[in-house]
Amino acid sequence: MRAIYILCLRQLKRYVRSPARIVGSLGQPIVFLLALGFGLGSVFRRAGAGNYFNFVTPGIIAMGIMFTAVFSGIEIIWDRQFGFLEETLVAPVSRLQIVLGRVLGGAIVAMLQGAAVFAVCLVFGFRFASWLLLPVAIVFMFLISLLFTSIGTAIGSVLQDMQGFPLVMNFLVMPLFFFSDALFPMKGVPKVLEAALRLNPVTYGVDGLRGALSHSFAFSVITDLAVLVVLSSILLSIGSYLFSKIQL
Amino acid sequence: MSEMIVVRDLVKNYGDFCAVSHISFTVQEGAIFGFLGPNGAGKTTTIKMLTTVLEPTSGTLRVNGHDPVHEQKKVRRSFGIVFQDPSLDDELTAFENMDLHGALYGIPRGERARRAQALLELVGLAERQKDFVKQYSGGMKRRLEVARALLHQPRILFLDEPTIGLDPQTRNHIWGYIQTLSKEHGVTVFFTTHYMEEADRVAGDVAVIDHGKIVAQGTPAVLKQQTNTPTLEDAFIALTGHGIRDEEATSADRMRRMAAVWRGRRR
């Protein structure tokens, strides 16, 4: 437990100590929020679909979380390159504790980043349906964080250097974000796209978040929760397994 | 006196390439043992196997009486290590690096703060313990790594090229602590180095490894005598030849270069 806690704490310290990283990672979500949120608002309203800014906010929060979480997971590569990983691997604690500490720390960091994005959305005019469901929103933020930190960890355990990082971002994280319900509603899209959306865990994460923040679930809260819990458990197991196989 | 490190017929193959080939040696408790060899000879690979992070292809290993393959935790508690490459977290302070290490080794909070303080004083870093490690010089980082490796009071200390790139003052300091540890606390020291005069000065026994095989073993005096040379450096060259070894740059080296360029640009 002590090892998990101290490794978690390490990541939190590193996060709060690099304001440049916090502000820097806010840039992309803010651009999306402002350009799409305000740019598509009138079209969305004319189509009778309501307030687009409110619609897209959960998607943008998810975006902030996904990118930070994958990056947190993939930090294993940096730690490997800069030697710190060796220091933890020769310590008399199990690899499982090390990986849990890392993933938990990374997930909390991603959640904080999500909260920062959320704060920006509030400043620019997002309105809650009710504050009561905020805890539910936090649960979904955590699950999305956990899922993507686990994915990052699994990838970081296998990749040898950062050269593969753009590949991961452009061919995994970006498609998962765009082929989800983050930016547009699932209703009425072409069948093939809808199938892709239904297979994408991000869809369920955003749906849960959107349900909690604006009271509009496309699925049900149970379905969203179940999909995320099951998938994050599976990916956390895969990540832990791959991490335990690292040889230096 | 007991045998703290025992290596019997150790082999490590990477596919067709044989990094370590049937080596055997023993290090007695409290001894300072120098493991010498040109670049790529198999030194670090051997250390990795002794310290549980790499599985041997075959052979027997005992560290403090335990098997690094099957009794990982017992072995890990027995040794402290200063890696060839820096292994500190630059974004944490010196004290936090020590504290994190202590927590990983299960030392209670009060005790680890007390020990960290004492060790930081020993290596002359107590004053700067609240500074971030990224502000440290190479020598300070090395001293911090030595202090950290001792925090859990290990019976064995592995040092993989501990003095590389350091000025003579720092090198002397570091060897000073290490000799004290061995003499006064009976800590067994296993080190690698390219500085032959250091090995000659501090090591009781040395082994010379080349192309994965041990080519000579004994006290520095015996090696000089065998090869009929005046210094250990000459003995080393007589044993391993004049050819320059090219070690393939690993991805870690490439990243470090990239990071150095990046840091340079920011300044």
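1. A good place to start is helix α11 of chain A, which covers residues 221–244. This helix has 24 residues, and from its first C-alpha to its last it reaches 34 Å, close to the 34 Å expected at 1.5 Å a residue. Please keep in mind while reading that this is a predicted model.

2. Which residues of α11(A) are buried? They are A:Asp224, A:Val227, A:Leu228, A:Ser232, A:Leu235, A:Leu236, A:Gly239, A:Ser240 and A:Phe243. What covers them includes three other helices of chain A: α6 (95–123), α7 (134–158) and α10 (201–214).

3. Now for chain A as a whole. Its secondary structure comes to 11 helices and zero strands, so the order of elements from the N terminus is simply α-α-α-α-α-α-α-α-α-α-α. Of the 248 residues in this chain, 48% count as buried.

4. On overall dimensions, the radius of gyration of chain A is 18 Å, which agrees with the value near 18 Å that a compact globule of 248 residues would have. The C-alpha trace of chain A spans about 60 × 35 × 35 Å along its principal axes. If you look at contacts in chain A with a separation of 6 or more, residues 24 or more positions apart account for 85% of them.

5. Next, the place where the two chains meet. The contact takes 23 residues from chain A and 26 residues from chain B. On the side of chain A that touches chain B, α1 (2–16) and α5 (84–89) each supply at least two residues. Helix α1(A) gives the most to that side, with six residues. By residue type, the side of chain A that touches chain B divides into 10 nonpolar, five polar and eight charged.

6. Chain B brings in strands. Strand β1 (residues 3–14) and strand β2 (residues 17–28) of chain B pair in the antiparallel sense over eight bridges. As one pair to find on your screen, B:Ile5 has B:Val27 in β2(B) as its bridge partner. The hairpin of β1(B) and β2(B) has two residues between the strands, and in this hairpin B:Gly15 takes a positive phi near 60°.

7. Which strand do five bridges join to β1(B)? That is strand β4 (residues 58–63) of chain B, and β1(B) and β4(B) run antiparallel. Here the residue to look for is B:Val11, whose bridge partner in β4(B) is B:Ser58.

Notes
Residues numbered from 1 in each chain as written. Chains lettered and ligands numbered in written order. Predicted model: local features only at pLDDT ≥ 70, side-chain atom pairs only at ≥ 80, totals over all residues. Helix = DSSP H or I, 4+ residues; strand = E, 2+ residues; numbered from the N terminus. Rg over C-alpha atoms; globule rule 2.2 N^0.38 Å. Buried ≥ 20, exposed ≤ 12 C-beta atoms within 10 Å, placed from the backbone. Contact = placed C-beta atoms within 7 Å. Nonpolar A, V, L, I, M, F, W, Y, C, P; charged D, E, K, R; others polar. Expected span 1.5 Å × (residues − 1). Pairing = 2+ DSSP bridges.
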